Amino acid sequence: MKKGYIYLVLTALFWSFAGICIRFNNQSALFISVINAMIGVCFNLIFNHQKIKLNKTILFAGFCQFMMGVTFILANQLTTVGNAIILQYTSMIFVLIYQCIDKRQLPKLKQILIIFVVIVGMILFFLDSISFQGLLGNIIAIISGAFYGLQFYINTKENADPYSSMIVNFLFSIALIGFVIRDFGNVTIVEWSAMATSGLICAGLGSLCFAKGISKVNALTANIICMLEIIFAPIWAYLIFHETIGQMSLIGAAIMLSGMLYHLYLENQINKKSVGNYHLSSNENNNIEVIKH
């Protein structure tokens with residue numbers, strides 16, 4: 001479980017670097033997505049020799065990842081960055097909905113409160129960039145959140161294989177190369193360098209860590225940990241571009257972190273109780289066997 005946490009924190013760290021690379025790039029989001037996918041596939045085929053599997057669950061998870069990326073690109077083009085990120089991370093709510101439908105049980109009050117606290121923190125973090133304009137973009141961002149939550153949830157199912165789903169997602173993206181192939185001649189050396197860096201760090205290392213992390217952690221926890229991407233991104237901007245972080249953003253980040261840490265604390269308490277009950281049950285079974293002999 002703890003290894004899963006570490007992998008997901010690294011995922012958020014690597015994914016957060018994407019914004020820095022985009023600053024050096026004037027190409028379209030779709031072009032960047034295709035190049036990242038190409039580099040991501042090459043990286044994983046070279047450095048990760050895990051066998052690729054295919055089944056309905058894996059294909060569906062890969063499709064959800066692909067749709068999440070496409071809709072998020074569209075949302076960023078039609079609404080503000082703040083709106084797109086906040087509405088996409090309603091994925092936590094969707095994860096909870098999928099879980100309730102699948103297990104046919106209502107969510108716990110603590111889960112609802114934690115999601116509420118984290119979303120409040122996220123709104124405060126992006127308060128300056130929130131806008132009520134771009135209704136279509138906002139709707140598409142929510143759709144992106146639905147796919148984002150679904151890919152988290154599907155990747156934790158029994159027949160899932162996050163690594164294979166990641167490759168499927170990359171292949172879906174590469175299939176769109178026909179829409180951007182005419183732009184290859186207009187790319188500068190700086191832009192190629194930025195996309196290569198983004199491809200290696202975000203699509204390569206980030207996706208690999210995600211595949212390892214999501215296989216060890218439940219969907220809601222994984223989604224909440226990956227929200228650290230929101231906090232890491234402005235830290236990179238501060239270190240590289242010396243951009244200041246506003247007081248309200250710092251308050252929002254503190255609230256988000258508090259909600260995340262409290263969720264992880266509760267989950268660890270539940271896990272300890274489960275382990276304790278397992279050992280108790282094992283001891284009882286052993287005693288019964290001794291009596292029988």
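This report walks through a pocket, a nonpolar core and one loop residue in a predicted model.

## The second largest pocket

Let's start with some empty space. The second largest pocket has a volume of about 630 Å³, and 24 residues line it. If you want to find its centre, look for Gln99, Lys108, Gln111, Asn218 and Ile270, which lie nearest to that point.

Four helices each give two or more residues to the lining: helix 6 (91–103), helix 7 (109–125), helix 11 (219–226) and helix 13 (247–292). Helix 13 supplies the largest share, with 7 residues. Sorted by class, the lining is quite a mix: 8 nonpolar, 9 polar and 7 charged residues.

## The largest nonpolar core

Now for the largest nonpolar core, which has 47 residues. Met122, Phe152, Met227 and Ile230 are the ones that touch the most other members. Helix 8 (residues 135–154) gives the most to this core, with 7 residues.

Take Met227 as an example. Skipping residues up to four places away in sequence, Met227 touches Tyr89, Met92, Val118, Met122, Met256 and Met260.

## Val187, a residue in a loop

Is Val187 buried or exposed? This residue sits in the loop between helix 9 (162–174) and helix 10 (189–214). Val187 counts as buried because its relative accessibility is 13%, and the cut-off for buried is under 20%.

So who are its partners? Leaving out neighbours within four places in sequence, Val187 is in contact with Gln27, Phe31, Trp192 and Met195. Val187 and Asn26 are 161 residues apart in sequence, yet their C-alpha atoms are 8.7 Å apart in space.

Conventions
Residues numbered from 1 in each chain as written. Predicted model: local features only at pLDDT ≥ 70, side-chain atom pairs only at ≥ 80, totals over all residues. Heavy atoms only, no water. 1 Å grid on protein atoms, 1.4 Å probe; cavity = no way out; pocket = protein on both sides within 12 Å on 5 of 7 lines; lining within 4 Å. Points joined across faces, edges and corners; volume = space filled by probe spheres on them. Nonpolar A, V, L, I, M, F, W, Y, C, P; charged D, E, K, R; others polar. Buried < 20%, exposed > 50% of the residue type's maximum accessible area, 1.4 Å probe, protein only. Contact = heavy atoms within 4.5 Å. Core = buried A, V, L, I, M, F, W, Y, C linked by side-chain atoms within 4.5 Å.
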